Amino acid sequence: ENVMSVTDRSQHTQCLDNDVAAVTQVCGCAMLISRTFLERVGFFDERLFMYDDEYDLCLRGIDAGFQIQQVNSTSVSRLNVCSQHDMPSYRTYLYGRNRFLLAKKRTRSLHLAVFLCLHLISSSKLAITLLRYGSWHELTSLVSGVRDGILSRWGMTPFLCTLLKQQ
């Protein structure tokens, strides 16, 4: 059994000779998931709320012996995708928080260490971008998200509720 995903080529590794490529993760905006997969692996983790839940599902699938695949000849267009310099505050918060929570779910010490290092690097890069654009509110949201991730605050935190009401 396989999980198939239809995603934009630029987001993942390209497979030049074949239409289908094995990948480690796929974008959650357009996934085709078999019933067998969901019965063995489970559904999306609602505690992650909105971002990185598809990455978590893919990792759990790989751990259960499934292969994650991408169809390269098909693409899906998403409307209203924002760039890093105009990210809504709730998105920067979830970006900061959910990667830490995802890392904590990994049972192997090496996975945890790699996830945390990569996330700290990517969060630092995003923080620099937000500083360059003077996006102080978004930077505050990112820092709050990282803090809540370190403290294992899952789901709809009070800070997240406040951010969503502002949108």
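## Close-ups of a predicted model

**View A. A nonpolar patch sits on the surface.** Leu110, Val114, Leu118 and Ile121 come together here as a nonpolar surface patch, and their combined accessible area is about 400 Å². One of the four, Leu110, belongs to helix 4 (residues 109–132). With a relative accessible area of 62%, Leu110 is exposed. Keep in mind for this and every other view that the model is predicted.

**View B. Here is the whole chain, for orientation.** The chain has six helices and four strands. Walk along the sequence and you meet them in the order β-β-β-α-α-β-α-α-α-α. Of the 167 residues in the chain, 43% are buried.

**View C. Phe37 and Phe66 meet edge-to-face.** The model holds two aromatic pairs, and this view shows one of them. The ring centres of Phe37 and Phe66 are 4.8 Å apart and the planes sit at 65°, so this pair counts as edge-to-face. It's a contact between distant parts of the chain: Phe37 is in helix 1 (residues 35–41), while Phe66 is 29 residues away, in the loop between helix 2 (53–63) and strand 4 (67–71). Phe37 is buried at 1% relative accessible area, and Phe66 is buried too, at 5%.

**View D. Tyr93 and Phe159 make a tilted pair.** Here the ring centres of Tyr93 and Phe159 lie 5.4 Å apart with the planes at 40°, so the pair is tilted. Again distant parts of the chain are linked, with Tyr93 in helix 3 (residues 89–105) and Phe159 in helix 6 (residues 158–166), 66 residues apart. What about burial? Tyr93 is buried, with a relative accessible area of 0%, whereas Phe159 is partly exposed at 26%.

**View E. Arg47 has a ring on one hand and an acid on the other.** Look for Arg47 over the face of Trp154, 4.1 Å from the ring centre. The side chain of Arg47 also forms a salt bridge with that of Asp45, at 2.9 Å from N to O. Asp45 is buried, with 10% relative accessibility, but Arg47 is partly exposed at 39%.

**View F. Asp52 and Arg99 bridge distant parts of the chain.** Their side chains meet in a salt bridge, 2.7 Å from N to O. Asp52 comes from the loop between helix 1 and helix 2 and Arg99 from helix 3, so to speak a reach across 47 residues. Asp52 is buried, at 7% relative accessible area, and Arg99 is partly exposed, at 26%.

**View G. Arg60 and Asp56 pair up within helix 2.** This salt bridge spans 3.0 Å from N to O. Why are Arg60 and Asp56 separated by about one helical turn? Because they are four residues apart in helix 2. Asp56 is buried, with a relative accessible area of 1%. Zoom out a little and the pair turns out to be part of a network: salt bridges with shared partners join Asp45, Arg47, Asp56, Arg60 and Lys105. The model has eight salt bridges in total.

**View H. Two cysteines, and no disulfide to show.** The model contains zero disulfides. Cys58 is buried, with a relative accessible area of 1%. Cys161, on the other hand, is partly exposed at 27%.

Note on methods
Residues are numbered from 1 along each chain as its sequence is written. This is a predicted model: local features need pLDDT of at least 70, side-chain atom pairs count only at pLDDT 80 or more; totals for chains, interfaces and linings use all residues. Side-chain values use heavy atoms; hydrogens and water are left out. Rings of Phe, Tyr and Trp (its six-membered ring) pair if their centres lie within 6.5 Å; planes under 30 degrees apart count as stacked, over 60 as edge-to-face and the rest as tilted. Helices (H or I, at least four residues) and strands (E, at least two) are DSSP runs, numbered from the N terminus. Buried means under 20% relative accessible area, exposed over 50%, partly exposed in between (1.4 Å probe, protein chains only). A charge sits over a ring if NZ of Lys or CZ of Arg is within 6 Å of the ring centre and within 35 degrees of the ring normal. Patches are made of residues with over 30% relative accessible area and no salt bridge: like charges are joined within 9 Å, nonpolar side chains (Val, Leu, Ile, Met, Phe, Trp, Tyr) within 5 Å. Accessible areas come from the Shrake-Rupley method with a 1.4 Å probe; for residues, only the protein chains shown count as cover. A salt bridge is a side-chain nitrogen of Lys or Arg within 4 Å of a carboxyl oxygen of Asp or Glu. A disulfide is a pair of cysteine sulfur atoms within 2.5 Å.
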